[in-house]
Amino acid sequence: MREGTRLPGGSTAGSGHMDDVRAKILAAALPNVAFDGWTTRVMREAADAAGVAHGEMRLAFPGGIVDLVECFLADGDRRMEEALAGRDLAAMKIRERITLAVRTRIEVDADHREAVRRAVTLLALPISGAGGPRSLYRTVDAIWRAAGDTSTDFNFYTKRAILAGVYSAVTITWFGDNSDGYADTWAFLDRRIGDVMQIEKVKARVKKAGAMLPDPFGLIGRLRYGRS
């Protein structure tokens with residue numbers, strides 16, 4: 001996980017003991033989530049199974065079960081980053097990088113599809129507050145950064161907003177995909193990734209048009225001083 005990444009509970013990545021506590025509770029909870037969902041009871045039982053006192057559990061997840069769900073999704077982002085670290089992304093076109101990153105993010109949770117589905121369902125409820133948008137932003141930001149994005153201007157937010165829609169649609173498709181090797185999901189991803197690439201085309205057109213326009217500062221100078 002990237003240094004300084006904010007985690008549920010207000011800590012940062014690399015904060016040591018509490019990160020270990022969260023990891024233990026999450027690992028103990030996952031086998032039961034597919035059957036019982038993300039519930040407070042599941043979290044308490046996971047703490048007991050992991051040998052974590054309930055007081056320490058509450059310190060690790062002050063927001064309760066929503067914090068545990070966010071922790072699960074943030075851990076998926078981390079595992080995606082680790083999986084992509086061994087790939088030569090620099091040799092790929094941006095479209096290929098984004099496609100690979102989205103696919104990898106889904107694949108790292110292939111063994112926990114029902115847990116992801118239940119997590120998305122919980123975070124869509126009003127009781128989850130900003131947990132859903134926060135987790136989705138964290139994921140698409142991790143995907144763009146893994147793909148090498150370094151933008152800091154308005155384009156930064158546009159890229160993430162577009163990818164959020166694409167990633168959400170692909171994830172929902174994955175939940176109901178019974179095709180061999182999730183072939184239908186990956187075909188859907190390939191079709192939708194074009195939406196992400198539209199911003200790159202727009203950028204290219206804007207840059208080309210800008211190059212054909214007169215220098216605004218030079219034009220202002222000529223108007224002010226009467227030079228032709």
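Which helices each supply at least two residues of the lining of the second largest cavity? H5 and H8 do; the cavity is the subject of the second legend below.

The model is predicted, with local features requiring pLDDT of at least 70 and side-chain atom pairs counted only at pLDDT 80 or more, while totals for chains, interfaces and linings use all residues. Residues are numbered from 1 along each chain as its sequence is written, and side-chain values use heavy atoms, with hydrogens and water left out.

**View 1. The largest pocket and its lining.** The space in this pocket is about 320 Å³. Its lining has 16 residues, and Val120, Gly132, Leu136, Tyr167 and Ser168 are the closest to the pocket centre. Helices H6 (113-123), H7 (131-146) and H8 (154-175) are the elements that give two or more residues to this lining. By class, the lining holds 10 nonpolar, 5 polar and 1 charged residues. On a 1 Å grid over the protein atoms alone, a pocket is an open set of points with protein on both sides within 12 Å along at least five of seven lines, a cavity is a set where a 1.4 Å probe fits but cannot get out, and lining residues have an atom within 4 Å of a point. Grid points are joined across faces, edges and corners, and a volume is the space filled by probe spheres set on the points. Helices (H or I, at least four residues) are DSSP runs, as are strands (E, at least two), numbered from the N terminus. Ala, Val, Leu, Ile, Met, Phe, Trp, Tyr, Cys and Pro count as nonpolar, Asp, Glu, Lys and Arg as charged, and the others, Gly among them, as polar.

**View 2. The second largest cavity.** The whole structure contains 2 cavities of 30 Å³ or more. In the second largest, the space amounts to about 30 Å³. Its lining consists of Arg105, Ile106, Asp109, Val116, Tyr167, Thr171 and Trp174. H8 gives the most to this lining, with 3 residues. The classes are 4 nonpolar, 1 polar and 2 charged.

**View 3. Packing of H1 on H2.** The axes of H1 (residues 17-36) and H2 (residues 40-50) come within 8 Å and cross at roughly 135°. H1 is therefore oblique to H2. Axes are lines fitted to C-alpha atoms, for helices over the stretch in contact, with angles running from 0 to 180 degrees between N-to-C directions. Angles under 35 degrees count as roughly parallel, over 145 as roughly antiparallel, 65 to 115 as roughly perpendicular and the rest as oblique. The crossing is right-handed; a crossing is left-handed if the near helix is turned anticlockwise from the far one by less than a right angle, and right-handed if clockwise. From H1, Lys24, Ile25, Ala28, Ala29, Asn32, Val33 and Asp36 meet Arg41, Val42, Met43, Ala46, Ala47, Ala49 and Ala50 of H2, where contact means heavy atoms within 4.5 Å. This contact comprises 10 nonpolar, 1 polar and 3 charged residues.

**View 4. Packing of H4 on H5.** H4 (residues 65-85) and H5 (residues 94-107) have axes that come within 9 Å and cross at roughly 130°. H4 is thus oblique to H5, and their crossing is right-handed. Leu73, Gly76, Asp77, Met80, Ala83 and Leu84 of H4 make the contact with Leu100, Ala101, Thr104 and Arg105 of H5. The contact residues divide into 6 nonpolar, 2 polar and 2 charged.

**View 5. Packing of H4 on H6.** Here the helix axes lie 10 Å apart at an angle of about 130°. H4 is thus oblique to H6, and the crossing of H4 and H6 is left-handed. The contact joins Ile65, Val66, Val69, Phe72 and Leu73 of H4 to Ala115, Val116, Ala119, Leu122 and Leu123 of H6. It has 10 nonpolar residues, no polar and no charged.
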